[in-house]
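Please open the structure in your viewer and keep the selection tool at hand. The stops below follow one another, each saying what to select and what is there.

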Amino acid sequence: MSPAGPDLGACLASLDEVITAAGALGLDTAPATAVAERARQRLGFPGTAFVLALAGGTGVGKSSLLNALAGTEVSKAGPVRPVTGEPVAWVPADQAGELGPLLDWVGAGRAVTHREQQFEDLCLLDLPDYDSVERGHRATVDEVMPKVDAVCWVLDPEKYNDRVLHEDYLRPLAHHADRAVFALNRADTLGGNAAVEAVVADLRRALAADGLAGRPVFAISAAPSGKQAAGAPDDGDTRELGRLRAWLTERVEAKAVVAERVAAECLAAAVALGRQAGIDAGGAAPLVASDQRGAALERAVAAARLAVDVDGVRTACVRRARAEARAAGAGPFGRVLGWLTRRRQGVNEDPDRSVDPVAYARGWRRRATLAQAVVPLRELTRQATTVAPAALRREVSRRSAPALLTERLTDAVDGAVIQATTGRGGVPRRRLWPVVGVLQAAALGAVLLGLLWLAALWLAGEAGAGAPDMPGVYGVPVPVVMIGGGVVAGLVLGRVLEASALLTGRRWAGRLGRELDKRIAAQVDAAARAPLTELEAARSELLTHVGDLRAAAGAARRTAS
């Protein structure tokens, strides 16, 4: 038999996807990987029989039950504990050869064959005691249990509520509920039907608390004590043993057992990984609320903007534009004054002409760090770590380590500045500025000519020569008009030049500043979001694959049944 049909293949493929997604979250995928490996190994064995283990504590009568079902002694029973030291298999003789590799893989130490037609698809495995004084016996049970296809838990009135049984075996294996059956042995020692019913009812309550509600419970006496009290069941034990035998042979189909066991284990492994990532059947709640994330990102973007000093870049644009305007339109007098100023400052050129807004923006690392931008993101990480499941906290912290955040943000800011300043390094100039320079020179020429005219008239008067008639404008001598007009024109042209330079610089600063703001906001926001966004995306991917596996497992169970 190879029950690995399309639905089981989909289960295993989905489990592989779940393991990959969980690995991306840093979760421990070893148990799920082991489940996938065991499932593939189990489905690779030939034969049509399935393996059902008889498990239980010391003295509950597992070997006696096997012997009672077989009708002969298969596994030795006795008062000395422990009796069973290794798993003993009772297998159909016709399939003994095919089942050999499977039994070796399961861990059966000894095999006894039979020719019982009603058990032709059933391989019973008598396990050692899980609570044996021999430590190796429990290790054997723990190794074999994940490999068997179904379990018959053999209990007795004294140990049916054993803490180890419920906490270490039944609760963790609740996903095996469909393939679990319970035999309350030694029912004849309880003293009557009422006592048996009371114990069975209490057992059912305990099983329901373990997640095993509704599973069959058979009250049997595999080896009657012969000391039944008045009113105790006589042939009832035999009837219950017959019902258990019928349940094993009539209601269980080998292929369905294996398929449902593989599907259930795959789903349980996937659900366990999902639970580690904070995912349940209802979905995955975000680790951090959107409003908290938005506020932290706004603070990070503001801190990155301060580190680049976008306002300083705007100021540099205005300074450079004004310096270029002075160089082009200051006129002779302005140039002389500028030269004198530079001489006093000990420089050869106007310092403002060396201001480069693009270089200033790109050199932000020399002036500042992004420590303040990392702070709100670290606070966000602490919030996420607080609400994240324990298995996910290490991955949250790793993705949001300060060094990693700083590196991400630094690269983001560098990229934003490069994108914002590429093609915007040229200093804008206006055709008006050289024209103003020419007009400034003309105004200065008018002033000098007027001064020379007046000086000539004064010298002529001093020499006693006759002064020619002085032309005038509305009664004002032309030399005076030239001097006054030249001075006024120079002042007006200076104001025009300054206004044009300021307007040009502000426009340049606005364009470059807006581009920096936009790029920094986009890049830093993306880089700051990345750790938690990638984490949430990985969780969503895991949720999707768990859902796919849930659907595939359901289809496999429906097909098998």
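Begin with aspartate 126, which in this predicted model is buried and yet has no salt bridge, the nearest side chain of opposite charge being that of lysine 62, 5.2 Å away. A salt bridge is counted here when a side-chain nitrogen of Lys or Arg is within 4 Å of a carboxyl oxygen of Asp or Glu, so the distance to lysine 62 does not qualify. Aspartate 126 belongs to strand β4, which covers residues 122-126. If you add serine 63 to the selection, you will find its side chain in a polar contact with the side chain of aspartate 126, at 2.6 Å.

Next, select lysine 147, in the loop that runs between α5 (135-144) and β5 (150-155). Which side chain of opposite charge is nearest to lysine 147? It is that of glutamate 143, at 4.3 Å, and lysine 147, although buried, has no salt bridge. Its side chain does reach the backbone oxygen of tryptophan 105, at 3.0 Å. To see the surroundings of lysine 147, show Arg38, Trp105, Val106 and Arg261, which are in contact with it once the neighbours within four places in sequence are left aside.

From tryptophan 105, move along the chain to glycine 107, which lies in the loop between α4 (96-106) and β3 (110-114). With a relative accessible area of 31%, glycine 107 is partly exposed. Add threonine 140 and draw a distance between the two C-alpha atoms: glycine 107 and threonine 140 are 33 residues apart in sequence, and 8.2 Å separates them in space.

Now select aspartate 94, in the loop between β2 (88-92) and α4. Is aspartate 94 buried or exposed? Its relative accessibility is 70%, so aspartate 94 counts as exposed. Its partner to display is arginine 115, since a polar contact of 3.1 Å joins the two side chains, while the C-alpha atoms of aspartate 94 and arginine 115 are 7.6 Å apart and the residues are 21 places apart in sequence.

The following stops are salt bridges, of which the structure holds 31. Start with arginine 40 and aspartate 16, whose closest N and O atoms are 2.6 Å apart. Arginine 40 lies in helix α2 (residues 30-43) and aspartate 16 in helix α1 (residues 6-24), so this pair ties together parts that are 24 residues apart in sequence. Both partners count as partly exposed, arginine 40 at 40% relative accessibility and aspartate 16 at 29%.

Then select lysine 159 and aspartate 131, which form a salt bridge with their closest N and O atoms 3.1 Å apart. Lysine 159 is in the loop between β5 and α6 (163-170), and aspartate 131 is in the loop between β4 and α5, so the pair ties together parts 28 residues apart in sequence. Lysine 159 is partly exposed, with a relative accessible area of 23%, and aspartate 131 is also partly exposed, with 28%.

Continue to arginine 186 and aspartate 156, whose side chains meet in a salt bridge at 3.0 Å, N to O. Here the loop between β6 (180-184) and α7 (193-209) supplies arginine 186 and the loop between β5 and α6 supplies aspartate 156, so parts that are 30 residues apart in sequence are tied together. Arginine 186 is partly exposed at 27% relative accessible area, whereas aspartate 156 is buried at 2%.

For the last salt-bridge stop, select Glu395, Arg398, Arg399, Arg408 and Glu534 together, and you will have a set of residues linked in a network of salt bridges.

Turn now to two cysteines, 123 and 317. Cysteine 123 is buried, with a relative accessible area of 1%, and cysteine 317 is buried as well, with 0%. How many disulfides does a search of the whole structure find? The search finds zero.

Finally, clear the selection and view the whole chain, in which there are 18 helices and 11 strands. Of its 561 residues, 46% count as buried, and its accessible surface comes to about 26800 Å², of which 55% belongs to carbon and sulfur atoms. Among contacts between residues at least 6 apart in sequence, 81% join residues at least 24 apart.

Note on methods:
Residues numbered from 1 in each chain as written. Predicted model: local features only at pLDDT ≥ 70, side-chain atom pairs only at ≥ 80, totals over all residues. Heavy atoms only, no water. Helix = DSSP H or I, 4+ residues; strand = E, 2+ residues; numbered from the N terminus. Buried < 20%, exposed > 50% of the residue type's maximum accessible area, 1.4 Å probe, protein only. Contact = heavy atoms within 4.5 Å. Areas by Shrake-Rupley, 256 points an atom, 1.4 Å probe, with all protein chains shown as cover. Disulfide = S-S within 2.5 Å. Lys, Arg positive; Asp, Glu negative; His and termini not counted. Polar contact = N/O pair within 3.5 Å; in protein donor to acceptor, adjacent residues only side chain to side chain.
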